[in-house]
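Visitor: Got a minute to walk me through this one? I'd like the main points.

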Amino acid sequence: MSQTHRIDGGLLDRSRALRFTFNGTSLEGYAGDTLASALIANGVKLVGRSFKYHRPRGIFTAGSEEPNALVTLRRDGHGEPNTRATVTELFDGLVASSQNHRGPLRYDLMAVNDYLAPFLSAGFYYKTFMWPKAFWEKLYEPVIRSSAGLGRLSGKADPDIYDKGFLHCDILIIGAGPAGLCAALSAARSGARVILADEDFRFGGRLNTETMAVAGTSGADWAQQAVAELASMDNVRLMPRTTIYGAYDHGIYGALERRTDHLAESAGKPRQVLWRIYSKRAILCAGATERSIAFGNNDRPGIMLAGSVRAYANRWAALPGKRIAVFTNNDDGWRTASDLAAHGADIAAIVDTRDRAPLEAPAGATVAMGAYVTDTKGRHGLKSITLSNGTTIECDCLAVSGGWSPNVHLTCHQRDKPQWRDDIAGFVPGPDLPVGMRVAGAANGALTLAAALREGHEQAHAAAEELGFKPASIALPAAEDEAVETSAFFHVKADGPRAWIDLQNDVTAKDVKLSHQEGFRSVEHLKRYTTLGMATDQGKTANLLGLSVMAECNGRSIPETGTTIFRPPYTPVAIGALAGRSRGKAFRPTRLTTSHKSAEERDAVFVEAGQWLRAQWFPEKGETHWRESVDREAVRVRESVGICDVTTLGKIDIQGRDAAEFLNRVYSNGFAKLPVGKVRYGLMLREDGMVMDDGTTARLGENHFVMTTTTANAVSVFRHLEFCRQCLWPGLDVHLISATEQWAQFAVAGPHSRDLLRKVVDPEFDLSNEAFPFMACGEVTVFDGTPSRLFRISFSGELAYEIAVPARYGDAMIRALMDVGEEFGVVPYGTEALSVLRIEKGHPVANELCGQTTARDLGLERMVSKKKDCIGNTLSERSHLNREDGLALMGFAPVMRNEHLSAGAHFTSRDKPATTENDEGWMTSVAYSPTLGHSIGLGFIARGRDRVGEIVQAADPLRGKTIEVRIVSPHFVDPEGERQRA
Amino acid sequence: MIINHPLLGPRDASEFVYLGDASLIDRPDWQAKDAQQQFHDYLYLRDNPAGAHRELWFHEQGDRSWLVVTRDTITHEITNVELARDVALQRGRGR
C-alpha cells in the first residue's frame, strides 16, 4: 500500500521516509508526519471502535483534542494505551494498534451493541442491571467492563524512566502559535527570562496549518524565523513537545515534556519529564479548539473538523478525502473549501446554516445556504450525506465547522468562571485570572491572525514592563484580519438518526435530553450521569454542543446554563510521569545504620523500620527457622551478653540555661531536679492527654541533655519540641538539634555486659556498680581515647548499657565490641529478640503507644505530675479518661501452655460470645518467651489491675482462633528489677 | 505555593509542614479556674474562615522555624509571613 492520499507541499522532510505498522500492516510516512497524518496519507479511514456502541470511527481532529483516534503505542511493558494518533510524532519502527474491538477492527464482534442501543442509553447500567443484587459484582459489572472501554494496560511494569525538574522564569508563554511567538519575541527582546512551551513538536501553531501570510512570507516561514531568533537568545528556553497542563498557586505551572516519546528507543534517557515551572508572569496563548455540530450519524469515519481537514492538507500534505463536502455555521469553514480546492481536491458542496454566503465558493461546488446535514451513509467510511433540503451528495469526507472555542482551561484552574461572548458564540476567560496570568490571541477570543499577533505583543509588553524590563518597540508583522463571522448553531434539531455530541463517550443528543428528563439539570450532574466531557479528551470538541442541548431543554441560555469546572490536567498525564523516579525502592530513602555492613556479613535478616533497615535476627549455621535464631539471641542476652544497634532511636541534643525547665514542661514527669550524670525515663503526652512518645533523657551537664525518642516518632517529636520552644515559651533559653545520625549507639545487655565494657572503655573510667550505677550516664573514652557516651539503661531488664560513638566510628565500634566480647560468647541480636526481651519486661512500644492510650491505661499515671504545668496534664484529667472501668496494660499467658497467643485478638469474658458488644480490650504484642517456655502477650483489658488471675477468651476471628488466656502482671521476668541494678 | 520566609526568602511550600490555626500559640494558663474548659476550647475549637487565615507552618526541610503565615483560604494569596517566635513574644508569651 502506498501513500495514496499524499499530495505535494507540506512541512515534511521527504528525504526521510519512515516505516511503521498499524494493526500489523506495514505503512510508510515522512519525518514531520504524525501517526494520524501518515494514516490519512495512506488512505486509512477506520482507526478505532467507539466506547459503548463499538461504532466504526476515524480520525476526527489534528490535535490533542482528538476523541476517536486513540491507539495503543509500542508493545509489552513499553505499551501505552489511549495515545492520540493526532499528536503522536511518527518515527521509524513505530508500532500502533487500534483498541476496543473483539476480532479484527473491521469486523468487531461487539458491534452488536450498536443494535442494542435503545437499551444502552445514558445511565442504563444503573437501571437495567439492578436485580438480583448479587449479580452486579459477579456478572453485570465484569461483562459491561469488558465490552466497553478504551485501551488496555499491558499489566507489566513500565520499564521506562520518568523524571522531574524545576524551572524558573520571568515570563512563561504557553503556546507557540502566532500570539505566543509574538509574545515571546517581545518578552525576550526586553531582556526577561522567557520560557516558551508548546505541545507540538513544531512551533508555529495554526501558522503551520494555514495559508495566510505574515510579514510578506508564509506563516510557517515567519514562525521558523521567529523560532530561530528566540533560539539564539540566552534568556530564552524553548520547550517543544511540552504541555502546560495546570496553573497552580503563586505562578507555578505544571508541565509535561515528552523527551523521547518521538524516538524508537529512549536509550536510557527519561521518556517524559514533569516540570514545575515557577513564573513571575504567564501569558496564555493556547489558541482555540474547533467544535463539531450534532446531526444524524455524524460520527462516521471521514467526518472531520474542517480546520483539521485543511491542516492535514496544508501542513502534512495528506488529503483526508478525494471528494470533500463542508458543513459550517461560520466563515472559517469556507477557508477549508478554498484551501482544499487549491490542493486540487474535488469540493462537492458547501452547506452553511446561515442565509448569506460570506465568500466565494470554489468552482464546481454545490452551495446550500440555510441548509444543514441531516444524515450520512457509509459504514466503514463516509459515502454520502443527506441535506435538510432532501438532496443527497456523494462524498468521502465531510469537513464540519461549528465555530471555535477559546482554550480557556488554564484560566479556570483557580476557579475563574469563563464568560460568554455572543459574537464568537463561545466562552472567553473571565475577570478572575490566576495571579500573574494574561491571555492573548484566540484563547482570549481574538480569533483573527492580525489580532493574535497584536495581542501577543501587547500582553508581553505589559508583562515585561510590570517586571521592570524595558520593552523594545517593535513593528508588528503585517497580517490580515480574516473573515471569522460565526453563528450560534450547534445542533440539527430533527427526529432522525442519533446525533453524536461526545464521540469519545458515545453520548448523543438524546442522552442529554434523557438526562434532563430524569432530573439531572445542573451541568455537573449532566456530566456525571451521561459521562459527557469525560475521559482523555475531556469533551474539548463536545462540551458546548452538550450545553446547547441542555440549555434548550432548560429553556435557558448557554451562559445561564454554565460550564463544568475545568481542572488540571489539560491533557492526560501518565501516572509514571507523576511518580518520576519515586518508584520501588526509590519511593523513599533507605537509611542504613553504621553496623549494616557488619550485619550483612553475618547474614542478618533485615526489616524495614520507617525509613531504616534494621537487623531482625542473625541466623547461625544449622538454624532453619527464625524462632531458633531469636530464642538463642534472647537466651544469650539473659545468660551472658548481646549487642543490638539502637542508632535508629531519635536523639535530640538539648542545651541552654533553661533546658531542664523545658524538659520539665514537655515531659509529664519531673525533670527539673535530674542530677548531672543521670538518666531518667520520660513520658511525653499530647496536649489532649494521650501518650505521644516515651524515651530516656540523659543529663550530660548542667545545661546539656540528650533525649531519645522512639524510632517512629523521631521526626514528629522534634517538630513538637520546636513548636513548644518557639510558639509556647519563646522566652526560655533552650536550643535543640537532631543528632540521630551523628551518633552510632549500641545496646550492650546481659550479665556480662560490664565485663565486656571494661575491655572497651578506657581504664580511668570506673564502671563499678557504685561508681556507675543503674541510670548513670557520662562522657567516656573508648579504645584509647575515642570519645564516647555511656548510658546505663536497660530495655531488656538485664544489667545493660548503651554506648554511643560518633557515627564515623560506628562500623569499627561494632566490630571491636564483637571481637572483645568473644570470650563471653557475645551475640549480636536483632529487633525480634529485642522485642521478646521487652515484652518479657512489660515495656510498652508503638503497639501500646498507639495514640489512643493514656498514661493511666499504661499503668504510668504516677508519671503525670499534678504539681507543674506540662503538655497534656490538664486534659489528661478529663473524667472519661479516668473511668474506673478503663483499660489497663496487662500481661497474658495461655491457659494451655503450648498454645500460641496472637496479637490483635480481642478479649471477652469466658461466658460471653466474642462479639463487639462484649469486647473488653485487645492484645497488643505477643512473643514466645524462651525464659518462661511459653507464649506471652501484652494487651489492654478493662479493669485489668483488679482481674489478675482471671481467665478470659482471646478471640482472633481473622486467623480463626479463640483461646483462653490468664490475666497476669505485665512484668513477666524479674518484676522487682533486680537484674538491671546488679 | 510559595512561602516568603522572613529569613530565607521565597521557598516552595513542599519544604514546610502545616499545623493549623495560629491560635495554637495562645496556650491557656493551667492554673486558671476553668483550665479544663479553656484547654478544651484551645485544642478543639477552630474558626473556619473564608478569607484571611493566620496559620502555623514549620520549615522542616529548612531552618526549622515555625512561621505564622497569613493566607487567604479562597485565593491562597499569602499576605504576611512572620516568625512564630516573634508573634508569640508580641502576644505576651515569654518564659
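Guide: Sure. Keep in mind that this is a predicted model. Let's start with a helix pair: in chain A, helix α5 (residues 178-189) and helix α6 (residues 219-231) have axes that come within 10 Å.

Visitor: At what angle do the axes of α5(A) and α6(A) cross?
Guide: They cross at roughly 30°. Angles under 35 degrees count as roughly parallel. So α5(A) and α6(A) are roughly parallel to each other.

Visitor: Is the crossing of α5(A) past α6(A) left-handed or right-handed?
Guide: Left-handed.

Visitor: Which residues meet there?
Guide: From α5(A), Leu181(A), Ala184(A), Leu185(A) and Ala188(A). They meet Ala223(A), Ala226(A), Glu229(A) and Leu230(A) of α6(A). By class, that contact has seven nonpolar residues, no polar ones and one charged.

Visitor: What about α5(A) and α9(A)?
Guide: Helix α9 of chain A covers residues 449-466. Its axis and that of α5(A) come within 7 Å and cross at roughly 35°. Here α5(A) passes α9(A) in a right-handed crossing.

Visitor: Who makes the contact?
Guide: The α5(A) side is Pro178(A), Ala179(A), Gly180(A), Cys182(A), Ala183(A), Ser186(A) and Ala187(A). On α9(A), the contact residues include Leu449(A), Leu453(A), Glu455(A), His457(A), Gln459(A) and Ala464(A).

Visitor: And how many are nonpolar, polar and charged?
Guide: The α5(A)–α9(A) contact has 11 nonpolar residues, six polar and one charged.

Visitor: New pair. How do α7(A) and α8(A) cross?
Guide: Helix α7 of chain A is residues 306-314, and helix α8 of chain A is residues 332-342. Their axes come within 9 Å and cross at roughly 30°. That makes α7(A) roughly parallel to α8(A). The crossing of these two helices is left-handed.

Visitor: What classes of residue sit in the contact of α7(A) with α8(A)?
Guide: Four nonpolar, four polar and four charged. Among the residues of α7(A) are Val309(A), Arg310(A) and Asn314(A). Those of α8(A) include Asp332(A), Arg335(A), Thr336(A) and Asp339(A).

Visitor: Let's zoom out. How is chain A divided?
Guide: Into domain 1 (162-288 + 406-466), domain 2 (300-401), domain 3 (649-739 + 852-877) and domain 4 (883-981).

Visitor: How far apart are domain 2 and domain 4 of chain A?
Guide: Their C-alpha centres lie 82 Å apart.

Visitor: Which domains does UniProt list?
Guide: Several, from an unreviewed entry. One is "domain: SoxA A3", at residues 497-581 of chain A. Another is "domain: GCVT N-terminal", at residues 596-868 of chain A. UniProt also places "domain: Aminomethyltransferase C-terminal" at residues 918-974 of chain A.

Visitor: What helix and strand content do those spans have?
Guide: Residues 497-581 of chain A are 45% helix and 6% strand. Residues 596-868 of chain A are 26% helix and 28% strand. Residues 918-974 of chain A are 0% helix and 56% strand.

Visitor: And where do the ends of each span sit?
Guide: For residues 497-581 of chain A, the end C-alpha atoms lie 50 Å apart. For residues 596-868 of chain A, they lie 43 Å apart. For residues 918-974 of chain A, they lie 34 Å apart.

Visitor: Any odd backbone spots?
Guide: Two to look at. A cis peptide bond joins Pro568(A) and Pro569(A), with omega about 0°. Pro569(A) is in the loop between α13 (558-561) and α14 (575-579) of chain A.

Visitor: What's the other?
Guide: Ala215(A), which has a positive phi of about 50° although it is not a glycine. Ala215(A) lies in the loop between β10 (213-214) and β11 (217-218) of chain A.

Visitor: Switching to chain B. How many helices and strands are there?
Guide: Chain B has two helices and six strands. Their order from the N terminus is β-β-β-α-β-β-β-α. Along the principal axes, the C-alpha atoms of chain B fill a box of roughly 45 × 30 × 20 Å.

Visitor: How many residues does each chain put into the contact?
Guide: Chain A gives 19 residues and chain B gives 24 residues. The side of chain A that touches chain B has seven nonpolar, four polar and eight charged residues.

Technical notes. Residues are numbered from 1 along each chain as its sequence is written. Chains are lettered from A and ligands numbered from 1 in the order in which they are written. This is a predicted model: local features need pLDDT of at least 70, side-chain atom pairs count only at pLDDT 80 or more; totals for chains, interfaces and linings use all residues. Axes are lines fitted to C-alpha atoms, for helices over the stretch in contact, and angles run from 0 to 180 degrees between N-to-C directions. Helices (H or I, at least four residues) and strands (E, at least two) are DSSP runs, numbered from the N terminus. Angles under 35 degrees count as roughly parallel, over 145 as roughly antiparallel, 65 to 115 as roughly perpendicular and the rest as oblique. A crossing is left-handed if the near helix is turned anticlockwise from the far one by less than a right angle, and right-handed if clockwise. Two residues are in contact if their C-beta atoms, placed from the backbone, lie within 7 Å. Ala, Val, Leu, Ile, Met, Phe, Trp, Tyr, Cys and Pro count as nonpolar, Asp, Glu, Lys and Arg as charged, and the others, Gly among them, as polar. UniProt positions are given in the numbering used here, feature names are shortened, and annotations may be inferred rather than shown by experiment. Domain bounds come from an automatic or database domain assignment.
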